[in-house]
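Subject: The structure we talked about

Hi there,

Here is the structure I promised to pass on. Have a look at it first, and then read my notes underneath.

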Amino acid sequence: MRAPLSWLREFVDLPDDVGVVRDALDDLGLVVEGLDHVGEGLDHVVVVEVREIHPIEGADKIRRVLVDAGGDEPVEVVCGAWNFEVGDRVPLARVGAVLPGGFEIARRSMRGVTSNGMLCSSSELGLSGDHRGLMVLDPERATTPGEELRDALGLAPDTVFDLSVGANRPDAWSIRGVARDLAIRFERPLRDVTRRTPSAGEPTSVLAAAVIEAPELCGRLTVSVLRGVRVGPSPAWIARRLELAGMRPISNVVDASNMVMLELGQPTHPYDLDRVAGATLRVRRARPGETLETLDGVVRTLAQPGRGLGDTGEDVVIADGEDRVIGLAGIMGGADTEINDATTTVLLEAAHFDPMTIARSVKRHGLRSEASTRFERGVDPERALEAVGRFVALLAESCPDLEWAAAPLDVRGEVTPPSRVVLRPGEVTRQLGTEIDDDVARRLLEGLGFATETVEDGIAVTAPASRPDVRTGAAGRADVVEEVARLYGYRRLARRTPSWPTPGGMTERQVLRRRVRDALVGRGVLEAWTATLVSESHVRRTHPDARLIRVTNPLAEDEAVLRTSLIPGLLDAWARNVARGTGDVRLAELGVVFTHPDDAPGRTTRGGEGGLATLALPRETEHLTVVLGQRGDDARTAVALWRVLADRLRLEDVVVRAAVPPVGWHPTRSADLVDRASGALVGRVGEADPDVVTPLLGPAPASRVGLLEIDVDVLSDPVRTRRRPDGVVVPSRFPSASIDLAFVTPDGVPAADVAHALRGASDVVERVELFDVYRGVGIASGERSLAYGVRLSAPDRTLSEGDVTRAREALIAAGERLGARLR
């Protein structure tokens, strides 16, 4: 928001030093992003009258112009603008002038024509942002060729602050709001602006009508009738202020509306009463399919389906006496009732609309205006008629016969009542860590319009209607304390280093991720990132029957669905590397995948005091997925990598189990990873299905790709996956003994289960390894021989022959309990 210093000084006396004002604004949270010094650099810029305009041979973008600069002879200038004609008066920067920004004007020759200066736009003179053509002076303004432009326009040097106003400061989206903060900071009185009051004649109810059909969308509607209007240019000082604030003057009626909005923060909208059927303004919901041509010339279809979370597609509109839509409420009026040169009677609307409805309509229609920016943040509903009084005072300067009809219409809808909180004694000091007397806090708050009163348990603070951002309860108390801190001055608060009784450190989940990453890096795996939002075909590669989780406002059609697996994205990344000749890579990603709430128990969130309905959310699960695409990688490589990870993470007993793999995995070279004790599915290991890999490679030769997928949520749960305690296992210093045992087992008995049973058979078993699997002569169908190497040792002695014999017998017994027999 642009705030001219001269305009702020209309409300409050400010220090002469601009730097002091700038620092105060920064400290108040109204961050100054830029300073524009206007009215400077206008030396040797004069008013000239255009006498002749001639084309230049061989040039179609510039013309030769002769102007009267007050001398005996006309001045020849070359100009590229086309928005002026003979008789217009425009500014000329003479040769030697230095314009704002340090641009020096020199005599130049173009296409054989000498340019003795430069005809200037408002932007080039630093007077506004309008650079669309020359600055053509108002013909009704008394100017003389050769007169200094500064004198002709009454331009005094000024400073414009470019402020960044937060969304939680709706009261500061106006010059008065900014001036109020400064008045409190500098402890100076805040002045008000001049207003007019309605006449004592015929009441407005005889001339017009106002109706609110959607009270929850419109908290207040005021309608005034203004007669004796004569549309024309605004007084110079009004036009000047609008230009400094970044708005282009249009006409006295429109300019008065814009100035009131910028000055007081209350948007108003003037309608040509003769073009409003029944002289009636009706606020209602738009009906699906209704259309409106807005002032920007675009025909808009209203009440279309919502495009964002919580968007119901509602638009609030202004309709006339025939129920025809004539305005998109709070955003932009319709072209049919626009003010024009023939307008003599104005129907003026000043209202309060529901901020969220306006915000959603702005986003849905892609139509933002200065008015909507303020309505989105919250307009003070109690200031509507004050704004009308200021509008009438401004318009009266150019319309001396203006009459404001008596008793303006004022219809009320539903408005959220102001928040009220109670600050306990000393609460401001406790929260800010600086001694601030309660009386000082009350004075600061009352300066902003907060009402305070002493109650039994502290100070009751009621927020003004201009501060809908202030909440209730503990959050509201924090909001109020923040206002005290801001007005008191953040720089005056004592600086303290926060202390914390617990030293910082990583969580168990963070330690787990770090160990996983370290182990993968050690095996030559590169960490990758793939997109969370993908296409439907992307999801169908691994989850053909899954319910899709679509976002309502995707940036692109191929980024409209939340991913259900990391595998497709990593395979795509690997295939792109193959296509570019760098496919000899291993890729891994730690990321979140999503499951539709109807397919898995989901989390929910509830709207608190706002009363929002319970919303089922997709289930989010963190996965580790590894694609092993180096030459020679396959399922065996993936199993070996899993064993490295299991050892690094000290997993107690997660085993590889045969299972029917899901889509995307090799049908015969994949298996599940299961925790033996809890039965939890930890992940999956194996190879990618060739039917998935081959289409990605194109003409490249087919290749096996190892896959490892781990559910990190399960892996980090101590109930579902057990771990060995951290620490070093000291090997026995006594000699060990080794024996080999071969068991004939049914095919349905996993080899890992037999190994697990052997490890627990005796306390002297140090290690069990499967070294051979045999099917063939001597082994019945449906069975196979499993040969294990067992290492025995004791930490405190050398094993005797009897110890080894007893251990061997225990091992055989353990195998037999699983249905295995010694071969």
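How do α6 and α7 lie to each other: parallel, perpendicular or oblique? They are oblique to each other, a word for angles outside three ranges: under 35 degrees (roughly parallel), over 145 (roughly antiparallel) and 65 to 115 (roughly perpendicular).

Before I go further, please keep in mind that this is a predicted model, in which local features need pLDDT of at least 70 and side-chain atom pairs count only at pLDDT 80 or more, while totals for chains, interfaces and linings use all residues. Residues are numbered from 1 along each chain as its sequence is written, and side-chain values use heavy atoms, without hydrogens and water.

**The helix contacts**

Helix α6 covers residues 236-244, and its axis crosses that of α7 at roughly 55°, the two coming within 10 Å. Helices here are DSSP runs of H or I with at least four residues, strands are runs of E with at least two, and both are numbered from the N terminus. Axes are lines fitted to C-alpha atoms, for helices over the stretch in contact, and angles run from 0 to 180 degrees between N-to-C directions. The crossing of α6 and α7 is left-handed, meaning that the near helix is turned anticlockwise from the far one by less than a right angle; clockwise would be right-handed. From α6 the contact (heavy atoms within 4.5 Å) takes W237, I238, R241 and L242, and from α7 it takes D255, N258, M259 and L262. By class, that gives 5 nonpolar, 1 polar and 2 charged residues. Nonpolar covers Ala, Val, Leu, Ile, Met, Phe, Trp, Tyr, Cys and Pro, charged covers Asp, Glu, Lys and Arg, and polar takes the others, Gly among them.

Helix α7 (residues 252-264) also packs with helix α10 (residues 384-396), at an angle of about 135° and with the axes 9 Å apart. That angle makes α7 oblique to α10, and the crossing is right-handed. On the α7 side you will find N252, V253, A256, S257, M259, V260, E263 and L264, which meet E386, A387, R390, F391, L394 and L395 of α10. This contact has 9 nonpolar, 2 polar and 3 charged residues.

**Two open sheets**

One antiparallel sheet has 3 strands, in the order β1-β12-β2. Strands count as paired if DSSP finds at least two bridges between them. β1 (2-4) and β2 (31-38) are at the edges with a single partner strand each, so one side of each has no neighbour in the sheet. β1 is joined to β12 (residues 158-164) by 3 bridges, and A3 stands opposite F161 in β12. Helix α2 (residues 18-27) lies across β2 and β12, at about 155° to β2.

The other antiparallel sheet has 4 strands, ordered β40-β41-β39-β42. Its edge strands, β40 (765-774) and β42 (821-822), each pair on one side only. Between β39 (residues 737-746) and β42 there are 2 bridges, and V744 has R821 as its bridge partner in β42. Helix α20 (residues 751-759) lies across β39, β40 and β41 (783-792), running at about 30° to β41. Helix α21 (residues 801-816) lies across β39, β40, β41 and β42, at about 20° to β39.

**Domains**

Domain 1 is assigned to 2-39 + 159-185 and domain 5 to 508-715, with bounds from an automatic or database domain assignment. Their centres, taken over C-alpha atoms, are 53 Å apart.

Best wishes
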